[in-house]
Amino acid sequence: MPKSKRDRAVTLSKTKKKGREHKENIVNSIRDAVEQYNSMYVFSFENMRNLKFKQFREQLKSTSRFFLGSNKVMQVALGRSASDEIRTGLHKVAKLLRGDSGLCVTNMSKEEIQRLPLQSLFFTNMNCIWLFECSIFRLLVTYIITYGFIFGRIFDEYEDYDFARTGSIATETMELKEGPLDQFTHEMEPFLRKQGMPVRLNRGVVELVGDFVVCEEGKPISPESSRILRLMGMKMATFKLHLICRWSPEDFEVYQEGLEGSDIESS
């Protein structure tokens, strides 16, 4: 039967598309930031978590600004070739904006951003060791070592663990053996059965009636496996940031090998 011309899909969503005006605002914001800050970095990320990235960004709010969005829009803002770049050498930065990547403009020094070790700040002067007797100073050092933001290796060593989402690759094989599952309450037994686990209630205790493989290393995690891992508190996703390159009016550096000859059209 031919399809009726009157049968049309009607979108009930009231969300408006981000049009040309939104893209122009991003372009202008990036160009203004280039003039306000001393240097620029391209970074890539794995297993992006918005909340964790927001916390990371807040720590650098006073000295840096981050841009995430369409790579092509950011490329246009910087200049896709030597003829239309807004500052000398920025077209090289644009070539490295591909995949899961973003921009960071900052007034921080190269050492603070990349590889300033903690030891150089606290242990160079041995006469200052007595400060560790001060509880406030010990608390400050513990905070900095724990979060490793401004005085640590900010990008290269920043990582945070979270629960894996559907489609993520399992980092290890998780198998549950037959027997009681004391970590689950009896109310959770119906939910576990819906996730495909062969369980039953035995005197109020959730019991696994056979061995069950939650996930296998190197294979994508299913929606059911993702829920089970979350219930068990198993965090298999690691949110990481990696520096790709650095630009300043004086020089340009690429930190990852094999990227010097990148072609912008392939991104």
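This report describes helix α1, the nonpolar cores and the pairing of strand β10 in a predicted model.

Helix α1 covers residues 20-36, and because a rise of 1.5 Å a residue should give its 17 residues a span of 24 Å, the 25 Å between its end C-alpha atoms agrees with expectation. The buried residues of this helix are Val27, Ile30, Ala33 and Val34; seen down the axis of α1, they fall within an arc of 130 degrees, so they line one face of the helix. An α-helix has 3.6 residues a turn, so residues three or four places apart point the same way. On the other side of α1, Glu21, Glu35 and Gln36 are exposed. The partners against which the buried residues of α1 pack include β1 (39-46), α3 (71-78) and β10 (237-247).

The largest nonpolar core has 22 residues, of which Ile30, Met40, Leu78, Val93 and Leu103 touch the most other members, and α1, β1, α3, α4, β3 and β10 each supply at least two residues of this core. A second, separate core of 19 residues includes Ala164, Met174, Val199 and Ala237.

Strand β10 is mostly covered, with nine of its eleven residues buried. Its antiparallel pairings are listed below.

| Strand paired with β10 | Bridges | Example of facing residues |
|---|---|---|
| β1 | seven bridges | Phe43 and Leu243 |
| β4 (residues 159-162) | four bridges | Glu159 and Lys240 |
| β11 (residues 252-254) | three bridges | Arg246 and Glu253 |

The connection from β10 to β11 is a hairpin of four residues.

Notes
Residues numbered from 1 in each chain as written. Predicted model: local features only at pLDDT ≥ 70, side-chain atom pairs only at ≥ 80, totals over all residues. Heavy atoms only, no water. Expected span 1.5 Å × (residues − 1). Buried < 20%, exposed > 50% of the residue type's maximum accessible area, 1.4 Å probe, protein only. Arc of directions from axis to C-beta. Contact = heavy atoms within 4.5 Å. Core = buried A, V, L, I, M, F, W, Y, C linked by side-chain atoms within 4.5 Å. Pairing = 2+ DSSP bridges.
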